[in-house]
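Q: I am new to this structure and would like a close look at one part of it, namely its interior. Please take me slowly through what is packed there and what surrounds it.

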Amino acid sequence: YGFQIIYLDDMNAFCYPADLIINYTYNVSKRIYEKWKYDKNTKFLLGREYVPLRPQFKNVMIDTTMPVNTILITTGGADEQNMILEILHRLFGSQYEGIQKLVVAGKFYSHMEELKKIAKKDETIQIYYNVNNMAELMKKSNIAISAGGTTLAELCACGMPIICFSVADNQLYGTRAFANDGIVTYAGDVRESRENVLNNIVRTVEEMINDVSIRTQFGNKAHKMIDGKGAERIAEYILQM
């Protein structure tokens, strides 16, 4: 096409030599680029409308009015904080231990043997490793417990009621921004207080299970904010250029 595209995820380290800059960070503002004095011809596609999700997340909307019988648990590629096992232990000790748990272990997950041992003792736990089609798992679930990152946008596109937490600095802005807009319930930063995060997760699971209006409110707002059509919008804009 004869022009340059720089594809960003919350990066603003210097003035990029680009005709088009894409930054899909939630609620990002063009003001963050003002200090670099970009050429007036440089175009920007910013914010939630341009989250480039895979086609599997287009036109997906779960039914939040259905009784909760399945919880999706996903914590990222490595789960360095070992949150999967901690969450399972907490749910096992609650009145909701009989609910199905779909556990997603990333390709760098390092506690697989221990997770398998727990799953052998508890038939409600199903392990999925290095999943390619997350949308299918989300369709099977009623509530999601997730670390921050792109997975939050995928869950939102499915209209999922979400309980999220942070495990790294690069997740803080996104998780808090989503929470401040009432799209997710934020359980906190694991590095600050692991105990508080786990308590908040179990408490919110109970609230969501018992109150269909809460699930519907969060699910509808999430789907409205992230509709899964970001990649199409980017492609259409490039073709126009």
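A: A nonpolar core is a set of buried Ala, Val, Leu, Ile, Met, Phe, Trp, Tyr and Cys residues joined through side-chain atoms within 4.5 Å. With that in mind, and remembering throughout that this is a predicted model, we can begin with the largest such core, which has 33 residues, and in which Ile73, Ile87, Ile145, Phe165 and Ile201 touch the most other members. At least two residues of this core are supplied by each of β4, α1, β5 (100-105), α2 (112-121), β7, β8 (162-166) and α6.

Ile73 is a good residue to place at the centre of the view. Leaving aside residues up to four places away in sequence, Ile73 touches Ile84, Ile87, Leu88 and Leu91, as well as Lys101, Leu102, Val103, Val104 and Ile145. A second core, separate from the one just described, has 31 residues and includes Met138, Ala153, Val184 and Ala222.

Ala222 leads us to helix α7, where the buried residues are Arg215, Phe218, Gly219, Ala222 and Met225. Seen down the axis of α7, these buried residues fall within an arc of 135°, so they line one face of the helix. The face turned away from that buried side carries Gln217 and Lys224, which are exposed. As for what lies over the buried residues of α7, the cover includes β7 (143-147), α4 (150-157), β9 (185-189) and α6. The helix itself covers residues 212-225, and its 14 residues reach 20 Å from the first C-alpha to the last, close to the 20 Å expected at 1.5 Å a residue.

Two cysteines also belong in a view of the interior, since Cys156 counts as buried at 0% relative accessibility, and Cys164 likewise counts as buried at 0%. The structure holds zero disulfides. Cys156 is in none, its nearest cysteine sulfur being that of Cys164, 8.9 Å away, and this distance is too far for a bond.

From the interior we can turn to the charged side chains. Side chains of opposite charge can pair when their charged atoms come close. The count of salt bridges in this model comes to nine, and among them is the pair of Glu232 and Lys58, with N and O 2.4 Å apart. Glu232 lies in helix α8 (residues 230-240) and Lys58 in the loop between β3 (43-46) and β4 (70-74), so this pair ties together parts that are 174 residues apart in sequence. Glu232 is partly exposed, with a relative accessible area of 33%, and Lys58 also counts as partly exposed, at 33%.

Another salt bridge joins Arg90 and Glu195, whose closest N and O atoms are 2.8 Å apart. Because Arg90 lies in helix α1 (residues 83-92) and Glu195 in helix α6 (residues 194-210), the pair ties together parts that are 105 residues apart in sequence. Arg90 is partly exposed at 24% relative accessibility, and Glu195 is partly exposed at 42%.

A further salt bridge brings us back towards buried positions, for the side chains of Asp189 and Arg191 meet at 2.9 Å, N to O. Here Asp189 is buried, with a relative accessible area of 6%, whereas Arg191 is partly exposed, with 38%. These two residues do not stand alone, as Asp169, Asp189 and Arg191 are linked in a network of salt bridges.

Key. Residues are numbered from 1 along each chain as its sequence is written. This is a predicted model: local features need pLDDT of at least 70, side-chain atom pairs count only at pLDDT 80 or more; totals for chains, interfaces and linings use all residues. Side-chain values use heavy atoms; hydrogens and water are left out. A salt bridge is a side-chain nitrogen of Lys or Arg within 4 Å of a carboxyl oxygen of Asp or Glu. Helices (H or I, at least four residues) and strands (E, at least two) are DSSP runs, numbered from the N terminus. Buried means under 20% relative accessible area, exposed over 50%, partly exposed in between (1.4 Å probe, protein chains only). A disulfide is a pair of cysteine sulfur atoms within 2.5 Å. The expected span of a helix is 1.5 Å times one less than its number of residues. The arc is that of the directions from the helix axis to the C-beta atoms. Contact means heavy atoms within 4.5 Å.
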